[in-house]
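Reader: I would be grateful for a close look at a single part of this structure, with an account of the residues around it. Please explain each term as it comes up.

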Amino acid sequence: TMLTGVYRDTIDNYSSWLQGLLTLFTSMLGGFSFDDFKTDSAGDPFETYMYVYGALVLVVFLVMVAILLMNLLIAIVTNRYDPDASESVTQFKQAQIVDSYYLQVKHNIIGSPFNIVQVCLFWLPSIPRSKLSAHVERYGLVNPDGTALADEDMPMAGGAEFPHLVFLLTLYPIMAVTANLTFFLYAPAAIWVFATTGWWKALKPFRRRSKRVADAPDTGPDGKPWHPSPASYQRTTVKDRQSSQTHMVHAAWYTISAFLLGGVMAILGALLYIGVLGVLGVTLYLTLVWWVWKVAFSLYNLLVRPWLFVFRRARRA
């Protein structure tokens, strides 16, 4: 950018930002010349300060690239010949990250910019509370507190509930919308499988009958292979024609039935998958109802439950 801004109208190699980038890349590989800064494109010589400026910038660039490549080479060699130290450093950094997140979760700390709102809620008391009983699942609602573990800390109510409320109002809707979109994007494949499986099972008795007719052996009453006599050749020809026509009718009826049943099953599958499972089950019940229930329970723990605890404690005193 520095060379292009100065030599844009005088040197062709730096006439544009892209051309200057390519020229510096070539210089990094060894194809550079300080003579480019002595004369312009028309052959007129530059002033001394123009030559010094261009050469100085190019030298600084080449030195920085050399240092960067040398550091990269050192890093590669160090990682190659001392993998244990590199792995230990990586594990230590991962442990630091996990410890940092654990500290935030343990003390109910939230990141910016929501921490400004959390500071404003300093007047809300933070109290421990017991987890909600699993009996709420009998009413078709999910337990907002999840499954209780033996070594798990007690959840907090009051100001400490604010990070969970922020999660329900920001990240949780994005996750729910993504899950709904994935469900409905899978709808064509699910309807196709349902339609093909449905009409194929419906035509199962007909397919067995057609297979028995097609695989029937040409045998006589004694079970031996039957060969038509010259006298019965004409009757056999008429019978074969009738049998061929019957097979054509069966094949046509099979094809028509397949398309009709396939269409019916596709419509039925669309109604069941999109209407019943998608809209009523996933979108309204599993997404909207459960989200409203979780947000309402979080607001109760944030604004109502701590004051009930304070009121009960003052009444006991």
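Author: Helices (H or I, at least four residues) and strands (E, at least two) are DSSP runs, numbered from the N terminus. In the protein chain, such runs follow one another along the sequence as α-α-α-α-α-β-β-α-α-α-α-α, which comprises ten helices and two strands. The model is a predicted one, in which local features need pLDDT of at least 70, side-chain atom pairs count only at pLDDT 80 or more, and totals for chains, interfaces and linings use all residues. Residues are numbered from 1 along each chain as its sequence is written, and side-chain values use heavy atoms, with hydrogens and water left out.

The part chosen here is helix H10, which covers residues 233–316. Some background on confidence comes first. With pLDDT (the predictor's confidence in each residue, from 0 to 100), the chain has a mean of 76, and 78% of its residues reach 70 or more. Among the elements of the chain, H7 has the highest mean, 92, while helix H9 (residues 204–214) has the lowest, 54. The value is below 50 over residues 226–236, a stretch that has five contacts (heavy atoms within 4.5 Å) in the model beyond its near neighbours in sequence.

Let us begin with Ser298, which is found in helix H10. Ser298 has a relative accessible area of 0% and is therefore buried (under 20%, against over 50% for exposed and partly exposed in between, with a 1.4 Å probe and protein chains only). Buried residues account for 23% of the 317 residues in the chain. Apart from neighbours within four places in sequence, Ser298 touches Glu161, His164, Leu165 and Leu168. Leu165 is 133 residues away from Ser298 along the chain, and yet their C-alpha atoms are separated by 5.9 Å. With Glu161, the side chain of Ser298 makes a polar contact of 2.8 Å; the term denotes a pair of N or O atoms within 3.5 Å, of which, within protein, one must be able to donate a hydrogen and the other to accept it, while residues adjacent in sequence count only if both atoms are side-chain atoms.

Asn301 also lies in helix H10. Asn301 counts as buried because its relative accessibility is 0%. Beyond four places in sequence, the contacts of Asn301 are Arg129, Ala157, Gly158, Glu161 and Pro306. Glu161 is thus in contact with Asn301 and with Ser298.

Tyr273 brings us to the aromatic rings. Rings of Phe, Tyr and Trp (its six-membered ring) pair if their centres lie within 6.5 Å; planes under 30 degrees apart count as stacked, over 60 as edge-to-face and the rest as tilted. The structure holds six such pairs. In one of them, Phe183 and Phe184 are edge-to-face, with 5.5 Å from centre to centre and 90° between the planes. Phe183 also pairs with Tyr273, and this pair is stacked because the centres are 4.5 Å apart and the planes are at 0°. Since Phe183 belongs to helix H7 (residues 171–185) and Tyr273 to helix H10, the stacked pair ties together parts that are 90 residues apart in sequence. Phe183 and Tyr273 are both buried, whereas Phe184 counts as partly exposed because its relative accessibility is 30%. Through these ring pairs, Phe183, Phe184 and Tyr273 form a cluster.

The chain as a whole completes the picture: among contacts between residues at least 6 apart in sequence, 71% join residues at least 24 apart.
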